[in-house]
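This report is written for a reader meeting the structure for the first time. It takes up charged pairs, then the sheet and the helices beside it, and then the surface.

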Amino acid sequence: MLKGLFFRAILFFLLGILLFIYGILVERYRIFPFEQIRYVKNIILPTSTSYEKPRATLFDYFSPQVDVVMIGDSITQNAIWSEIFPNTKIANRGLAGDTTAGILKRMDTILSVQPKKALIMIGIMDIYSGLSVNEIINNYVEIIEELRAKGITVVVQSTLECSKTECEGRLDKVRQLNQKLEEYSATHNFVFVDINKRLSSSEEGLLSRYSYDGIHLIGKGYSVWAEQISGDIN
């Protein structure tokens with residue numbers, strides 16, 4: 001009996017080591033079930049923890065009156081907008097991991113800065129969370145209507161494309177979303193800025209020279225983005 005327990009303990013020990021090694025390989029080489037784990041993570045985190053993040057709590061306490069507010073997720077958050085446009089009073093309401101539904105939940109902290117103009121760019125996390133393009137558009141419309149109800153001029157920016165190697169089939173969904181956003185903006189006389197025009201290519205999606213991970217931008221990418229919206233900021 002003791003011999004059987006010993007061999008069973010050895011077996012579990014070896015199995016644990018194999019699972020540990022496999023876990024490292026999954027993370028490093030993105031083999032199964034890397035995509036499945038990331039999918040579940042993206043569903044859970046944006047909806048359950050985004051408002052527990054320290055940055056989100058800052059919005060409740062600091063609400064300077066500005067001319068422009070930037071709305072979005074981590075791609076917006078990571079930019080130093082007040083330094084990119086030093087002559088404009090600008091608030092950065094980007095929040096890592098956020099979705100269109102998340103923005104709707106924190107509209108009060110966006111409206112509290114009393115902007116004259118709002119530039120919005122959101123959607124990639126919605127797509128990673130499995131929302132349909134129509135669901136994302138419905139949330140977009142609700143966000144825009146709340147902004148317009150306060151007399152705020154809305155500028156719709158295309159959702160930044162991801163690289164084809166990073167997001168594979170999701171790139172097509174990003175492009176479908178952007179087509180819908182452009183059509184909606186044209187129908188309702190909103191300014192639509194296609195920031196992908198100079199940051200992406202039809203073959204590759206987001207170009208590697210502007211990104212460090214196929215989703216987020218580096219300084220050179222933000223410089224190109226800023227040039228495309230400079231006329232709408234001022």
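## A salt bridge between two loops

In this predicted model, Lys116 and Asp67 form a salt bridge in which the closest N and O atoms are 2.7 Å apart. The two residues belong to distant parts of the chain, 49 residues apart, with Lys116 in the loop between helix H7 (107-111) and E3 and Asp67 in the loop between H3 and E1. Lys116 counts as exposed because its relative accessibility is 52%, whereas Asp67, with a relative accessible area of 27%, is partly exposed.

## Other charged pairs

Side chains of opposite charge can pair when their charged atoms come close. The structure holds 4 salt bridges, and one of them joins the side chains of Arg175 and Glu161, at 3.0 Å from N to O. This pair also links distant parts of the chain, since Arg175 is in helix H11 while Glu161 is in the loop between E4 and helix H10 (164-167), 14 residues apart. Glu161 is buried, with a relative accessible area of 9%, and Arg175 counts as partly exposed at 25% relative accessibility.

A further salt bridge is formed by Glu227 with Arg198, and here the closest N and O atoms are 2.7 Å apart. Glu227 lies in helix H13 and Arg198 in helix H12 (residues 196-199), so this salt bridge ties together parts that are 29 residues apart in sequence. Both partners fall into the partly exposed class, Glu227 with a relative accessible area of 46% and Arg198 with 39% relative accessibility.

## The sheet

Strands of a sheet pair through backbone hydrogen bonds, either parallel or antiparallel. In this structure, 5 strands form an open sheet with parallel pairing, and their order is E2-E1-E3-E4-E5. Strand E2 (90-94) and strand E5 (191-193) stand at the edges with a single partner strand each, so one side of each is left without a neighbour in the sheet. From one strand to the next, the twist averages 20 degrees.

Strand E1 (residues 68-72) runs parallel to E2 and is joined to that strand by 5 bridges; among the pairs, Val68 has Ile90 of E2 as its bridge partner, and Val69 has Ala91 of E2. E1 is also joined to E3 by 5 bridges, again in a parallel arrangement, and Gly72 stands opposite Met121 in E3.

## Cover over E1

In a regular strand the side chains alternate between the two faces of the sheet. Along E1, Val68, Met70 and Gly72 point one way, while Val69 and Ile71 point the other way, and all are buried. E1 is accordingly described as mostly covered, with 5 of its 5 residues buried.

## Helices packed on the sheet

Which strands do the helices H11 and H13 touch? Helix H11 (residues 170-187) packs on the sheet and touches strand E4 (153-157) and E5, with a direction that makes about 155 degrees with that of E5. Helix H13 (residues 219-233) packs on the sheet as well, touching E1, E2, strand E3 (117-121), E4 and E5, and its direction makes about 150 degrees with that of E3.

## A nonpolar patch on the surface

Leu58, Tyr61 and Phe62 make a nonpolar surface patch of about 400 Å². Of these residues, Tyr61 has its place in helix H3 (residues 54-61), and Tyr61 counts as exposed because its relative accessibility is 69%, the cut-off for exposed being over 50%.

Notes: Residues are numbered from 1 along each chain as its sequence is written. This is a predicted model: local features need pLDDT of at least 70, side-chain atom pairs count only at pLDDT 80 or more; totals for chains, interfaces and linings use all residues. Side-chain values use heavy atoms; hydrogens and water are left out. Two strands pair if DSSP finds at least two bridges between them. Helices (H or I, at least four residues) and strands (E, at least two) are DSSP runs, numbered from the N terminus. Axes are lines fitted to C-alpha atoms, for helices over the stretch in contact, and angles run from 0 to 180 degrees between N-to-C directions. Contact means heavy atoms within 4.5 Å. Patches are made of residues with over 30% relative accessible area and no salt bridge: like charges are joined within 9 Å, nonpolar side chains (Val, Leu, Ile, Met, Phe, Trp, Tyr) within 5 Å. Accessible areas come from the Shrake-Rupley method with a 1.4 Å probe; for residues, only the protein chains shown count as cover. Buried means under 20% relative accessible area, exposed over 50%, partly exposed in between (1.4 Å probe, protein chains only).
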